[in-house]
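Here is a walk through one protein model, written for someone who would rather look at it than read tables. Keep the viewer open and click along.

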Amino acid sequence: MSRSVTGGQLVVRMLESLGIRTVFGVPGGQTLALTDAILSSPAMEFVTARHENAAAVMADAYGRLTGTPGVCLATTGPGATNLLTGIGGAVRDSSPVLALTCNNAGENIHRDDAQNADHVELFRSLTKYSRLVAHAGALRQAVEEAYLNAMSGNPGPAHLDFARDTIEGPVADADAAVPEGEHPMCRWVTQRPRADAHALADVATRLAKAERPVLWLGGGCSRSGAGEAALALAESLRIPVITTFNGIGTVPTTHPLVFGALSRMGTRLSSRVMADADLVLAVGNSLNAVSTGRWRMELPHVIQIDVDPAMLGRYYGRRTTGVVADARATLEELHTLLAGRAGELSAARSAWTAELQQAEAVWWQERAAVEAPTGAGGLSPAEVVRRLRTAAPDDTLLIPDAGNPGVWSYLWQIRQPGSYIKPVGFGNMGFAVPAAVAAVVADPGRPVLALVGDGSLGMSLAELETLARVGGRVAVVVLNDAGYGNIRQEQIVHYGNRTIGVDFGPSDYARVARGLGLPAERTDGLEELAKRVGETLDAGAGRFPALFDVPIDQSVNAWTYPAFRPYEPEEG
């Protein structure tokens with residue numbers, strides 16, 4: 001006869017069988033049956049966040065970095081609603097997450113109990129799957145279905161809301177409900193569709209006929225691990241490669257055929273590549289508003305490859321050929337199909353790609369010229385990013401926050417795939433510091449640089465204590481322009497220097513960080529900053545995070561920065 005366990009213990013057993021080892025969260029009365037079961041599990045770790053939004057961001061970042069679900073936990077009512085912003089970031093950027101909330105007892109849900117809220121309705125629009133679990137017999141299947149939704153097809157967050165009595169009460173025959181060892185689902189849930197042979201042959205024909213094809217990689221390529229396959233195809237056929245903002249990090253930007261990211265703000269270099277194109281191979285790329293300037297971008301014919309059929313031709317339908325398939329497998333198959341013609345196609349495109357490489361060299365030279373100190377007080381964020389790149393190890397994971405830090409990260413050279421994550425589709429501020437915590441949990445030995453504005457830091461400040469508690473080779477660099485800098489800059493550009501609601505009073509973030517247990521200093525010297533950040537990220541200097549508060553020159557405007565202006569072809 002099977003030993004009876006609680007519903008909470010069964011849920012934790014199921015998570016273990018699915019390969020999950022970490023839960024990020026904030027405990028509450030309704031969650032105790034789950035947190036106590038985690039405490040009893042030698043395989044599981046609970047990382048306490050200081051705010052539920054940060055826990056959701058940690059789960060999002062963990063999912064992006066590992067390809068397996070990040071898990072966040074919150075109690076009913078305000079605990080659950082606090083998760084929503086971070087969960088929105090996960091759904092918009094296709095990150096596998098399991099969001100677990102714990103509600104009141106089943107008979108009291110939808111009644112006037114303490115902190116009552118309809119969690120399923122709240123989460124429905126920001127998740128792939130949202131379900132109330134109010135019966136012990138449904139626990140196993142609910143966890144399996146949530147995992148399947150989070151991991152299959154286009155990854156994303158799934159939500160389970162547990163009635164309190166369901167996880168606190170006993171579950172009979174629990175041993176029979178949980179598989180021994182690894183759950184079978186783990187071995188097949190990541191399978192992806194392969195392209196139809198006729199569709200693939202048509203794509204190969206179009207790619208061979210194009211004179212100036214461009215490979216435009218989106219976040220789906222990162223999720224598929226398609227970077228190596230993309231470069232192999234690009235090298236074989238001499239095709240220039242650009243990425244979306246969400247695709248940054250899929251391929252090294254130091255590769256001679258990679259020309260950076262294209263989003264609503266350019267750059268002039270990547271928009272030049274797109275302006276020349278007569279065919280776009282958009283892989284794992286939804287062609288969303290951020291990538292296309294809210295669909296005002298003029299595109300040639302598009303071949304769009306995605307695992308989600310609903311994304312194909314959604315925005316450029318009249319000029320799109322859609323292929324339902326996995327990014328990596330399709331790129332590998334195209335490489336094989338066109339291998340026999342690689343020599344002639346590469347030669348035909350060599351002059352064009354050489355011209356683009358020369359434009360890239362000029363672009364970087366111009367950047368160095370405009371990044372000289374202005375003398376207006378504070379450092380230029382452009383020169384900070386460029387100088388920190390020279391100080392950081394090649395395998396450093398860069399985590400820029402939303403707003404200006406993300407925009408300036410265009411100037412960060414990616415030397416290794418998988419070394420960049422950022423909130424793009426939802427643009428949720430307060431991302432970088434909690435994401436750094438998740439990065440340490442996922443890989444304790446990896447160097448991490450969190451690039452955060454003072455506006456975003458204000459939304460995640462308490463997580464500096466979490467970071468100090470977790471440890472790791474993490475440097476938090478605060479681009480401190482004493483306000484919501486990106487919005488201030490937009491007001492200056494579009495509203496005649498009239499600004500409102502964007503300026504802060506004096507703040508000493510280094511002092512606050514030290515009060516939360518983190519070594520910190522304020523520095524306005526570029527070389528000293530680079531030296532100290534390099535020491536923090538270096539493996540031989542110990543593994544303890546540090547924060548650097550850097551005053552930024554407010555006159556440097558991302559909206560008018562020459563590198564970020566779109567390319568404009570010369571007339572004639």
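## Strand β17, well wrapped

Strand β17 covers residues 474-480, and 7 of its 7 residues are buried, so the rest of the structure largely encloses it. Bear in mind that this is a predicted model. Which way do the side chains of β17 point? Val474, Val476, Val478 and Asn480 go one way, while Ala475, Val477 and Leu479 go the other way, and all of them are buried. That fits a general pattern: in a regular strand, side chains alternate between the two faces of the sheet.

Now for the strands that pair with β17. Strand β16 (residues 448-453) runs parallel to β17, with 6 bridges joining them. If you want a spot to zoom in on, glycine 453 has leucine 479 of β17 as its bridge partner. Strand β19 (residues 546-551) is also parallel to β17 and is joined to it by 6 bridges. Here you can look for alanine 475, whose bridge partner in β19 is alanine 546.

## Strand β9 and its partners

Next stop is strand β9, residues 213-217, which is mostly covered, with 5 of its 5 residues buried. Pro213, Leu215 and Leu217 point one way from β9, Val214 and Trp216 point the other way, and all are buried.

How many bridges join β9 to strand β12? There are 5, and β12 (residues 279-283) runs parallel to β9. Leucine 217 has valine 283 as its bridge partner in β12. Strand β10 (residues 241-243) is parallel to β9 as well, joined to it by 3 bridges. In that pairing, tryptophan 216 stands opposite isoleucine 242 of β10.

## Helix α1, up at the start

Helix α1 takes in residues 7-17, and 8 of its 11 residues are buried, so it is largely enclosed by the rest of the structure. The buried set is Gly7, Gly8, Leu10, Val11, Val12, Met14, Leu15 and Ser17. As background, an α-helix has 3.6 residues a turn, so residues three or four places apart point the same way. Just after α1, glycine 19 takes a positive phi of about 85°.

Leucine 10 sits within α1. Is leucine 10 buried or exposed? Its relative accessible area is 1%, and because the cut-off for buried is under 20%, leucine 10 counts as buried. For a sense of distance, leucine 10 and alanine 432 lie 422 residues apart in sequence and 33 Å apart in space, C-alpha to C-alpha.

## Loops worth a click

A few loop residues deserve a look, and two of them have a backbone quirk. Most residues other than glycine have a negative phi. Serine 94 has a positive phi, near 55°, without being a glycine. You'll find serine 94 in the loop between α4 (78-92) and β5 (97-102), and at 14% relative accessibility it counts as buried. Arginine 238 also has a positive phi, about 55°, although it is not a glycine. Arginine 238 belongs to the loop between α12 (227-237) and β10, and its 24% relative accessibility makes it partly exposed.

Serine 460 lies in the loop between α20 (454-458) and α21 (463-470). With 4% relative accessibility, serine 460 counts as buried. What does serine 460 touch? Leaving out residues up to four places away in sequence, it touches Gly430, Val433 and Pro434.

## Zooming out

Time to step back to the whole chain, which has 24 helices and 19 strands. With 572 residues, a compact globule would have a radius of gyration near 25 Å, and this protein chain has 24 Å, which agrees. Along its principal axes, the C-alpha trace spans about 80 × 65 × 50 Å.

Buried residues make up 57% of the 572 residues. Among contacts between residues at least 6 apart in sequence, 75% join residues at least 24 apart. As for the outside, the chain exposes about 22300 Å², and carbon and sulfur atoms supply 50% of that. On the charge side, there are 49 positive and 61 negative side chains, with the centres of the two sets 3 Å apart.

Technical notes
Residues are numbered from 1 along each chain as its sequence is written. This is a predicted model: local features need pLDDT of at least 70, side-chain atom pairs count only at pLDDT 80 or more; totals for chains, interfaces and linings use all residues. Side-chain values use heavy atoms; hydrogens and water are left out. Helices (H or I, at least four residues) and strands (E, at least two) are DSSP runs, numbered from the N terminus. The radius of gyration is taken over C-alpha atoms; the globule rule is 2.2 Å times the number of residues to the power 0.38. Buried means under 20% relative accessible area, exposed over 50%, partly exposed in between (1.4 Å probe, protein chains only). Contact means heavy atoms within 4.5 Å. Accessible areas come from the Shrake-Rupley method with a 1.4 Å probe; for residues, only the protein chains shown count as cover. Lys and Arg count as positive and Asp and Glu as negative; His and the chain ends are not counted. The place of a charge is taken as NZ of Lys, CZ of Arg, CG of Asp or CD of Glu. Two strands pair if DSSP finds at least two bridges between them.
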